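Here is a short, friendly tour of one protein model. Please have a look at the structure first, and then read on.

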Amino acid sequence: MSRNAKINTLLLLLVAALAVLPLALGLGEGKEEPFAGADAQAETAITELKPDYEPWFTPLYEPPSGEIESALFALQAALGAGVLAYYFGVRKGRRQGAAAAGATGATAPDASAQS
């Protein structure tokens, strides 16, 4: 197994552990929404500390349910991952193309040599 394969396997195992360990250890038990986002937790903490607090602004769009909000968030994450993957793929393709052109010695023909 190559060094890169070992590193990739280790990273995959770490990501899987990050996803499974909170569920296996029961870190969310006893809470109404065990894995709520930081925004919801901050809102709860603020309303406990200052019940008369009024937000500075309101959201432009409030999804009708939590499921739709989660779906929109997942869509946003997928689009971002797609843009990043496209960017890195183009970079790698250009680098490989330049390396292949350099290895074969292919260069643009000189206009003066053709005359």
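## Burial and surface

Just 2% of the protein's 115 residues count as buried. This is a predicted model, and its accessible surface comes to about 10,600 Å². Carbon and sulfur atoms account for 65% of that surface.

## Fold

The protein has 4 helices and 0 strands. Followed along the sequence, the pattern reads α-α-α-α.

## The largest pocket

Now for the open space. The largest pocket has a volume of about 890 Å³. It is lined by 24 residues, and those closest to its centre are Asp 39, Ala 40, Glu 43, Pro 59 and Glu 69. Two elements, α2 (38-49) and α3 (66-104), each give two or more residues to this lining.

Helix α2 supplies the largest share of the lining, with 7 residues. Sorted by class, the lining of the largest pocket holds 14 nonpolar, 6 polar and 4 charged residues.

## A nonpolar patch

On the surface, you can also pick out a nonpolar patch formed by Leu 60, Tyr 61, Ile 68, Leu 72, Leu 75 and Leu 79. Together these residues have about 680 Å² of accessible area.

Tyr 61 is a good member of the patch to look up in the viewer: find it in the loop between α2 and α3. Is Tyr 61 buried or exposed? Its relative accessible area is 54%, and the cut-off for exposed is over 50%, so Tyr 61 counts as exposed.

Key: Residues are numbered from 1 along each chain as its sequence is written. This is a predicted model: local features need pLDDT of at least 70, side-chain atom pairs count only at pLDDT 80 or more; totals for chains, interfaces and linings use all residues. Side-chain values use heavy atoms; hydrogens and water are left out. On a 1 Å grid over the protein atoms alone, a cavity is a set of points where a 1.4 Å probe fits but cannot get out, and a pocket is an open set with protein on both sides within 12 Å along at least five of seven lines; lining residues have an atom within 4 Å of a point. Grid points are joined across faces, edges and corners, and a volume is the space filled by probe spheres set on the points. Ala, Val, Leu, Ile, Met, Phe, Trp, Tyr, Cys and Pro count as nonpolar, Asp, Glu, Lys and Arg as charged, and the others, Gly among them, as polar. Patches are made of residues with over 30% relative accessible area and no salt bridge: like charges are joined within 9 Å, nonpolar side chains (Val, Leu, Ile, Met, Phe, Trp, Tyr) within 5 Å. Accessible areas come from the Shrake-Rupley method with a 1.4 Å probe; for residues, only the protein chains shown count as cover. A salt bridge is a side-chain nitrogen of Lys or Arg within 4 Å of a carboxyl oxygen of Asp or Glu. Buried means under 20% relative accessible area, exposed over 50%, partly exposed in between (1.4 Å probe, protein chains only).
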